[in-house]
Amino acid sequence: MDPDADEVVFDAPGHFRIYKSGRIDRFHQPVPVAAGVGDDASGVATKDVVIDAATGLTVRLFLPKRQEQPSSKKLPILVYFHGGGFILESAKSPTYHNYLTSLAAAAGVLAVSVDYRLAPEHRLPAAYDDCWTALQWAASARDDWLAEHGDASRVFVAGDSAGGNIVHNVLVRASSAENAARIEGAVLLHPFFGGRTAIEGEPERAIVITAKIWASACPDAADGADDPRINPRINPPGAPALERLGCERMLVCAAEKDWLVTRGRAYYDAVAASAWPGSATWLETEGEEHVFFLLKPECDRAKALMDRVVAFIVGA
């Protein structure tokens, strides 16, 4: 046994502690919300579905009431990837259960929230693979709710923080995969990107934090934080180019005081400057910090962001 196995390699006080052995202590884990709880009050029905028993991959579906819509009209399908640095959180946590409930109701979408495998127990690309599998499953309408209520011709992907990073990597994969689901739009909320060297306007702490998280989630990355999965602006030979991203429309959202805002802006600028034929939009919320809309969902700026996401999905 390695005598240094219990050495702490990453300590995020109040959140988690990772040891050299790969063991992790997660602190203050919220009690999962059971599917079906509160459905009558919210007007959104929920259920969990096991996609792959071998890996434990599950999704939570959110189906809003449809009394104001023609019964024949199906709903857009939104596949959502939660945040948490690839290390924390769940589709079943109160934070994401409540956010997806609100989003499904406001946007009139059938939402599929992916409970992907977490690092460091499951190193990347496990989360990427799980989210890709869930997207293809959702688009294939193999579930009765999706078959009856979902419009597989209108598929969206969305995610926050690490989930926003997953959105990008799913779009890269969609650009070259055979029989990939057609993705109409992508929403990247405060996406998690980084790099070895700071770019103009990027705080040094952002470089340090992203490098530590990436090393914990993907220790096998040969280029460290310059791996194109975390730093899409790095394009070594053979790496997928941004102009081939597999969606038609994109909304990149950031917050003024977020330590990731500089990288988010750089990502948007790189996509907009590329030969990608789609339509990209940038939205920056003034005076707010990272994923504020999850922490303060009732504040005016969170409601304004929700309205913008809804308008994007509707196509307004």
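Below is a short chat about helix packing, empty space and backbone oddities in a predicted model.

User: Why is the packing of α2 against α9 called oblique?

Analyst: Look at the angle: helix α2 (residues 94-107) and helix α9 (residues 300-314) pack at about 50°, with their axes 9 Å apart. Roughly parallel needs an angle under 35 degrees, and roughly perpendicular starts at 65. The value of about 50° fits neither, so α2 is oblique to α9. As for handedness, the α2 and α9 crossing is right-handed.

User: What makes the contact of α2 with α9, and how do its residues divide by class?

Analyst: On the α2 side you've got Tyr99, Ser102, Leu103, Ala106 and Ala107, and they meet Met306, Val309, Val310 and Ile313 of α9. Contact here takes heavy atoms within 4.5 Å. Sorted by class, that's eight nonpolar residues, one polar and no charged ones. Ser102 is in the contact, and serine counts as polar because it is in neither the nonpolar list nor the charged one.

User: What about α3 and α5: why are they called roughly perpendicular?

Analyst: Helix α3 (residues 126-140) and helix α5 (residues 162-174) cross at roughly 65°, and their axes come within 10 Å. The roughly perpendicular class runs from 65 to 115 degrees, so α3 and α5 get that label. Their crossing is right-handed.

User: Which residues make that contact, and how many are charged?

Analyst: From α3 it's Ala127, Tyr128, Asp129, Cys131, Trp132 and Leu135; from α5 it's Asn165, Ile166, Asn169, Val170, Arg173 and Ala174. The split for α3 with α5 is eight nonpolar, two polar and two charged. Asp and Arg both count as charged, and the contact includes Asp129 and Arg173.

User: How do you know where empty space is left?

Analyst: You roll a probe the size of a water molecule over the atoms, and that shows it. This structure holds one cavity of 30 Å³ or more. The largest cavity has a volume of about 30 Å³.

User: What makes that a cavity rather than a pocket, and which residues line the largest cavity?

Analyst: In a cavity the probe fits but cannot get out, whereas a pocket is open. The lining of the largest cavity consists of Phe193, Gly194, Asn231, Pro232, Arg233, Arg263 and Tyr267. By class that gives three nonpolar, two polar and two charged residues.

User: And the largest pocket: how much space lies in it, and what lines it?

Analyst: About 1,200 Å³ of space lies in the largest pocket. It's lined by 43 residues, and the closest to its centre are His15, Gly84, Gly85, Leu88 and Glu89. Two or more lining residues come from each of β1 (8-12), α2, α6 (204-217) and α8 (292-295). The classes come out at 19 nonpolar, 13 polar and eleven charged.

User: Which element gives the most to the lining of the second largest pocket?

Analyst: That's α2, with five residues. The lining is Pro94, Thr95, Asn98, Tyr99, Ser102, Phe293, Leu294, Pro297, Glu298, Ala302, Lys303 and Met306. At least two residues each come from α2, α8 and α9. The second largest pocket has a volume of about 220 Å³, and its lining divides into seven nonpolar, three polar and two charged residues. Tyr99, Ser102 and Met306 are among the lining residues, and they also take part in the contact between α2 and α9.

User: How do you know which peptide bonds are cis?

Analyst: Check omega. From Ala119 to Pro120 the peptide bond is cis, with omega near 0°. Leu124 and Pro125 are joined by a cis bond as well, with omega about 20°. Pro120 sits in the loop between β7 (110-115) and α3, and Pro125 is found in the loop between β7 and α3 too.

User: What makes Ser161 worth a look?

Analyst: Its phi. Ser161 has phi near 55°, which is positive, and the residue is not glycine. Most residues other than glycine have a negative phi. You'll find Ser161 in the loop between β8 (150-160) and α5.

Notes: Residues are numbered from 1 along each chain as its sequence is written. This is a predicted model: local features need pLDDT of at least 70, side-chain atom pairs count only at pLDDT 80 or more; totals for chains, interfaces and linings use all residues. Side-chain values use heavy atoms; hydrogens and water are left out. Axes are lines fitted to C-alpha atoms, for helices over the stretch in contact, and angles run from 0 to 180 degrees between N-to-C directions. Helices (H or I, at least four residues) and strands (E, at least two) are DSSP runs, numbered from the N terminus. Angles under 35 degrees count as roughly parallel, over 145 as roughly antiparallel, 65 to 115 as roughly perpendicular and the rest as oblique. A crossing is left-handed if the near helix is turned anticlockwise from the far one by less than a right angle, and right-handed if clockwise. On a 1 Å grid over the protein atoms alone, a cavity is a set of points where a 1.4 Å probe fits but cannot get out, and a pocket is an open set with protein on both sides within 12 Å along at least five of seven lines; lining residues have an atom within 4 Å of a point. Grid points are joined across faces, edges and corners, and a volume is the space filled by probe spheres set on the points.
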